[in-house]
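Thanks for making the time this morning. I would like to walk you through one model, starting with its aromatic side chains and then moving out to the way its helices pack.

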Amino acid sequence: MSRRGTIIAWALVAAWAVVIFLMSANTGDDLTSGEGLVAHVRAVLMAVQAAWLGTEVDIVSSIAHFCEYLVFGALLQHALGRSLSPRAALLAAIVAASVYGVTDEVHQLFVPGRACDPVDWLVDTAGAALGAVIAWLALRRRQAGPQA
């Protein structure tokens with residue numbers, strides 16, 4: 001495995017960790033009444049959710065957490081797999097993403113309008129696990145080579 005590839009893999013992990021941090025740094029007002037792209041996308045998704053499920057339900061936040069960590073788990077699996085066995089990398093990716101999810105929730109304690117939610121951490125961990133498994137399966141398939 002090339003050194004350059006390893007550096008790129010870890011740079012992608014770091015970049016995505018920054019994306020997650022910045023998303024968590026959005027205040028409650030930024031998300032509900034802000035003018036940025038995130039607020040506009042959230043408003044559209046909330047409108048769809050309200051039309052389909054009613055206003056009492058909020059799955060948009062859980063889906064966002066799941067998707068953020070799905071990508072994070074896959075990136076971690078790829079980067080860790082450059083130096084660990086595939087199974088060790090799989091486990092380490094899930095644990096690392098889950099621990100980062102805990103720090104993400106603690107970070108939100110200090111952001112106005114946000115809260116630390118253990119359910120979000122569970123969703124983060126589930127997303128990371130699926131992302132890591134998908135990356136692990138993709139690696140196994142690639143290593144198996146083309147099927148006849």
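What you have in front of you is a predicted model, and I will begin with the rings, where a cut-off of 6.5 Å between ring centres gives a count of 2 aromatic pairs. In one of them, the ring centres of Tyr 69 and Phe 72 are 5.9 Å apart and the planes stand at 90°, which is over the 60 degrees required, so this pair is classed as edge-to-face. Both residues belong to helix α4, which covers residues 60-80, and they are 3 residues apart, or about one turn of the helix. As for accessibility, Tyr 69 counts as buried because its relative accessibility is 0%, and Phe 72 is buried as well, with a relative accessible area of 4%.

Phe 72 also pairs with Tyr 100, and here the centres are 5.2 Å apart with the planes at 50°, so the arrangement is described as tilted. Because Phe 72 lies in helix α4 and Tyr 100 lies in helix α5, residues 86-108, this pair ties together parts of the chain that are 28 residues apart in sequence. Is Tyr 100 buried or exposed? Neither word quite fits, because its relative accessibility of 22% makes it partly exposed, the limit for buried being under 20%. Taken together, Tyr 69, Phe 72 and Tyr 100 form one aromatic cluster.

Let me turn to the helix packing, and first to α5 and helix α6, the latter covering residues 118-144. Their axes come within 9 Å and cross at roughly 155°, and since that angle is over 145 degrees, α5 is roughly antiparallel to α6. The crossing of α5 past α6 is right-handed. On the α5 side the contact includes Leu 90, Ala 93, Ile 94 and Ala 97, and on the α6 side it includes Trp 121, Ala 128, Val 133 and Trp 136.

How do α4 and α6 pack? Their axes are 6 Å apart, at an angle of about 40°, which makes α4 oblique to α6. Here, too, α4 passes α6 in a right-handed crossing. Tyr 69, which we met in the aromatic cluster, is one of the α4 residues making this contact, and others among them are His 65, Phe 66 and Leu 70. From α6, the contributors include Gly 127, Gly 131, Ile 134 and Trp 136.

Trp 136 therefore deserves a second look, because it is listed in the contact with α5 and also in the contact with α4. In addition, the charged end of Arg 140 sits over the ring of Trp 136, at 4.9 Å from the ring centre.

One further residue I would point out is Gln 108, which lies in helix α5 and counts as buried, because its relative accessibility is 2%. If we leave aside neighbours within four places in sequence, Gln 108 is in contact with Ser 24, His 65, Arg 114 and Ala 115.

Finally, the chain overall. There are 6 helices and 0 strands, and the C-alpha atoms fill a box of roughly 50 × 35 × 25 Å along the principal axes. Of the 148 residues, 32% count as buried, and among contacts between residues at least 6 apart in sequence, 69% join residues at least 24 apart.

Technical notes: Residues numbered from 1 in each chain as written. Predicted model: local features only at pLDDT ≥ 70, side-chain atom pairs only at ≥ 80, totals over all residues. Heavy atoms only, no water. Phe/Tyr/Trp six-rings, centres within 6.5 Å; stacked < 30°, edge-to-face > 60°. Helix = DSSP H or I, 4+ residues; strand = E, 2+ residues; numbered from the N terminus. Buried < 20%, exposed > 50% of the residue type's maximum accessible area, 1.4 Å probe, protein only. Lys NZ or Arg CZ within 6 Å of the ring centre and 35° of its normal. Axes fitted to C-alpha atoms, helices over the stretch in contact; angles between N-to-C directions. Parallel < 35°, antiparallel > 145°, perpendicular 65-115°, else oblique. Left-handed = near helix turned anticlockwise from the far one by under 90°. Contact = heavy atoms within 4.5 Å.
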